[in-house]
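Trainee: Could you take me through the largest pocket of this model, and then through the parts of the chain that surround it? I would enjoy one connected walk rather than a list.

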Amino acid sequence: VKKVFIRSGIRYDYLMADPKADKFIEELCKYHVSGTLKVAPEHIAPQVLYYMRKPSADVFLAFDKKYKQTNKRLGLKQYLIPYLISSHPGSTLDDAIELALFLKEYGFVPDQVQDFYPTPGTRATCMYYTGYDPLTLKKVYVPKSYEEKAMQRALLQYRNPANHELVRKALLRGGRADLCLL
């Protein structure tokens, strides 16, 4: 084996907790990325990240910054591909709009967006079916209608012309007519 490239992504949140992160990121960029690196921030809205048991968006942004700086210093043109999930338990239409604005601000064009699908034995599936957080027993909003799920997904891929009608509808429903020119 002469080269090993990471195709499926890394846990950037674990990496950022490591005091030796800079050295690892340099090694990663230099030898193990073939143009793009997939990472899974999955969302950026604090309440959705809480239900996903993921760190704050600040951790993703810190990783993104280090990754870009390292590639620039090494003279490499390599990019991050964020993997996102729409319609996760706890995600409202407002949260999807917030995520779309984040993507626009930071220039991320998500290639991969997955609608939430229940997976047996997970906390998220429990929330999906019961509407309650099993850890706190507090009510959790769960998007279930086809229309809302389609709108949340469309917001994350708002640049796709096929999504423009749904994005406009979502923005109007979310009280954000000011953004209809995304």
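Mentor: Helix H6 gives the largest share of the lining of the largest pocket, three residues. Do keep in mind that the model is predicted. The pocket itself has a volume of about 260 Å³. Of its 15 lining residues, Met-52, His-88, Phe-116, Thr-122 and Ala-124 are the closest to the centre. Two or more residues of the lining come from each of H3, strand S3 (112-115) and H6.

Let us stay with H6, which covers residues 123-130 and holds Thr-125. Thr-125 counts as buried because its relative accessibility is 10%, under the 20% cut-off. Not counting residues up to four places away in sequence, Thr-125 touches Phe-116, Pro-118, Thr-119 and Pro-120. Phe-116 is thus a name to remember: it is a contact of Thr-125 and is also among the lining residues closest to the pocket centre. Cys-126, by contrast, is partly exposed, with a relative accessible area of 30%. Cys-180 is partly exposed too, at 22%, and the structure holds zero disulfides.

Moving on along the chain, the loop between H6 and H7 contains Leu-137 and Pro-143. How do they sit, buried or exposed? Pro-143 is buried, with a relative accessible area of 0%, whereas Leu-137 counts as exposed at 65%. Pro-143 is twelve residues from Gly-131 in sequence, and their C-alpha atoms are 9.9 Å apart in space. Beyond four places in sequence, the contacts of Pro-143 include Ser-87, His-88, Pro-89 and Tyr-128, and also Glu-148, Lys-149 and Gln-152. His-88 brings us back to the pocket, as one of the lining residues closest to its centre.

Leu-137 deserves a second look for its backbone: it is not a glycine, yet its phi is positive, about 65°. Most residues other than glycine have a negative phi. Arg-53 is another non-glycine residue with a positive phi, of about 60°. Arg-53 belongs to the loop between H3 and H4 and is exposed, with a relative accessible area of 58%.

That loop leads into H4, which has 18 residues and reaches 26 Å from first to last C-alpha, close to the 26 Å expected at 1.5 Å a residue. Its buried residues include Phe-60, Leu-61, Phe-63 and Tyr-67. The buried residues of H4 pack against H1, H2, S1, H3, S2 and H5, and H3 is also one of the elements that give two or more residues to the pocket lining. After H4 comes Gly-75, with a positive phi near 70°.

Phe-63 takes us into the largest nonpolar core: of its 36 residues, Leu-37, Phe-63 and Leu-155 touch the most other members. H5 supplies the largest share of this core, seven residues. A second, separate core of twelve residues includes Val-48, Leu-49, Ile-85 and Val-140. As for Phe-63 itself, its contacts beyond four places in sequence include Ile-10, Tyr-12, Leu-37, Val-39 and Leu-80.

Definitions and conventions. Residues are numbered from 1 along each chain as its sequence is written. This is a predicted model: local features need pLDDT of at least 70, side-chain atom pairs count only at pLDDT 80 or more; totals for chains, interfaces and linings use all residues. Side-chain values use heavy atoms; hydrogens and water are left out. A nonpolar core is a set of buried Ala, Val, Leu, Ile, Met, Phe, Trp, Tyr and Cys residues joined through side-chain atoms within 4.5 Å. Buried means under 20% relative accessible area, exposed over 50%, partly exposed in between (1.4 Å probe, protein chains only). Helices (H or I, at least four residues) and strands (E, at least two) are DSSP runs, numbered from the N terminus. Contact means heavy atoms within 4.5 Å. A disulfide is a pair of cysteine sulfur atoms within 2.5 Å. The expected span of a helix is 1.5 Å times one less than its number of residues. On a 1 Å grid over the protein atoms alone, a cavity is a set of points where a 1.4 Å probe fits but cannot get out, and a pocket is an open set with protein on both sides within 12 Å along at least five of seven lines; lining residues have an atom within 4 Å of a point. Grid points are joined across faces, edges and corners, and a volume is the space filled by probe spheres set on the points.
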